[in-house]
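Student: I would like a close look at one part of this model, the salt bridges, and then at what else can be said about the chain around them. Please take me through it step by step.

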Amino acid sequence: MFNIVLLICSFLFIYWLIPYSLTAGFGIGVLKRKCASEKIAFTFDDGPNPIYTPQLLDLLKINNIKATFFVVASKAEQYPELIERMQAEGHLIGIHNYVHKSNWIMDPWMVRRQLDKSAAVIERITGERPIYYRPPWGLLNVFDFFLLNRYKIILWSLMAEDWRSKGGSEKVEKRLLHGMKNGDVILLHDCGKTIGADEEAPVNTIHALKAVFKEVSSRGISCVRIDQI
């Protein structure tokens, strides 16, 4: 019995914890922050959402800011017009799996199928095959390193816990304004329909960004897509 437990723990250590340490801890094989850059990149996960994504796109357009959207491809199939609008307005579209499921609970073949299916969905809508990928919750398994020849994996250097409604827009605004620095990849959300998230939380994000974008402009900071940072 002890040997079985030891074997399971060893497998999980290799499958989960080693890649987590390498990526989240040391940034190996992923982009978390571009230290040499004077620009910042706003990124949005979990959409598209028919209520909040259009509001966010309106706000980005008013402030002339280009962002990166890591979309859930099953939602992209439901709302292709929002994906088309993202592309038309100059934003970068990346993958956040076909459904919002952690790579830790999928085998390598399922992860690959999710990615390939997602890429095909987005390519059908936009005519361009995406190469940027953010795994849900930023969690990779050890076999995901073999994806690096096909996809560029993006994590983040700053987040505002905007998937929770607690603290309101003031919390999001404060964390962004106090934490932002050159080269940051900023993680935010345009959909609250995921495990552990509050469905109406994106309201706070959108409201907070109105003040954040004004401050960014006053500081003369350039906001760009991931492929431009």
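Tutor: What follows starts with the salt bridges and then turns to the backbone, one helix residue and the largest pocket.

Keep in mind throughout that this is a predicted model. The number of salt bridges comes to 13. One of them joins D45 and R134, whose closest N and O atoms are 2.8 Å apart. Where do D45 and R134 lie? D45 is in strand 2, residues 39-45, while R134 is in the loop between strand 5 (132-133) and strand 6 (152-154), so this pair ties together parts that are 89 residues apart in sequence. Are D45 and R134 buried or exposed? Both residues are buried.

A second bridge to look at is the one between the side chains of E161 and R164, with 3.1 Å from N to O. E161 has a relative accessible area of 25%. The range for partly exposed runs between the buried limit of 20% and the exposed limit of 50%, so E161 counts as partly exposed at its 25%. R164 counts as partly exposed too, because its relative accessibility is 38%.

A third bridge links the side chains of R225 and D227, and here the N to O distance is 2.7 Å. The two partners fall into separate classes of accessibility: R225 is buried because its relative accessible area is 17%, whereas D227 is at 35% and therefore counts as partly exposed. Salt bridges can also share partners, and in this way R33, K181 and D184 are joined into one network.

E161 comes up again when we turn to the backbone. Its phi is near 50°, a positive value in a residue other than glycine. E161 is located in the loop between strand 7 (158-159) and helix 6 (168-179). So the residue that bridges to R164 is also one with a positive phi.

N64 is another residue other than glycine with a positive phi, in this case near 55°. The loop that holds N64 runs between helix 2 and strand 3 (68-71). Is N64 buried or exposed? N64 is exposed, because its relative accessible area is 63% and the exposed class begins over 50%.

The backbone has a further feature at P48. The peptide bond from G47 to P48 is cis, and its omega is near 5°. P48 belongs to the loop between strand 2 and helix 2 (52-62). Strand 2 is the element in which D45 lies, and helix 2 is the element before the loop of N64.

Now take a residue within a helix. N204 is placed in helix 7, residues 202-219. N204 has a relative accessible area of 15% and is therefore buried. Which residues is N204 in contact with, leaving aside its neighbours within four places in sequence? They are S165, G168 and S169.

The last stop is the largest pocket, which holds about 250 Å³ of space. Its lining is made of 17 residues, and those nearest the centre are H100, W137, W163, L187 and H189. Sorted by class, the lining has eight nonpolar, six polar and three charged residues.

How values were computed:
Residues numbered from 1 in each chain as written. Predicted model: local features only at pLDDT ≥ 70, side-chain atom pairs only at ≥ 80, totals over all residues. Heavy atoms only, no water. Helix = DSSP H or I, 4+ residues; strand = E, 2+ residues; numbered from the N terminus. Buried < 20%, exposed > 50% of the residue type's maximum accessible area, 1.4 Å probe, protein only. Contact = heavy atoms within 4.5 Å. 1 Å grid on protein atoms, 1.4 Å probe; cavity = no way out; pocket = protein on both sides within 12 Å on 5 of 7 lines; lining within 4 Å. Points joined across faces, edges and corners; volume = space filled by probe spheres on them. Nonpolar A, V, L, I, M, F, W, Y, C, P; charged D, E, K, R; others polar. Salt bridge = Lys/Arg side-chain N within 4 Å of Asp/Glu carboxyl O.
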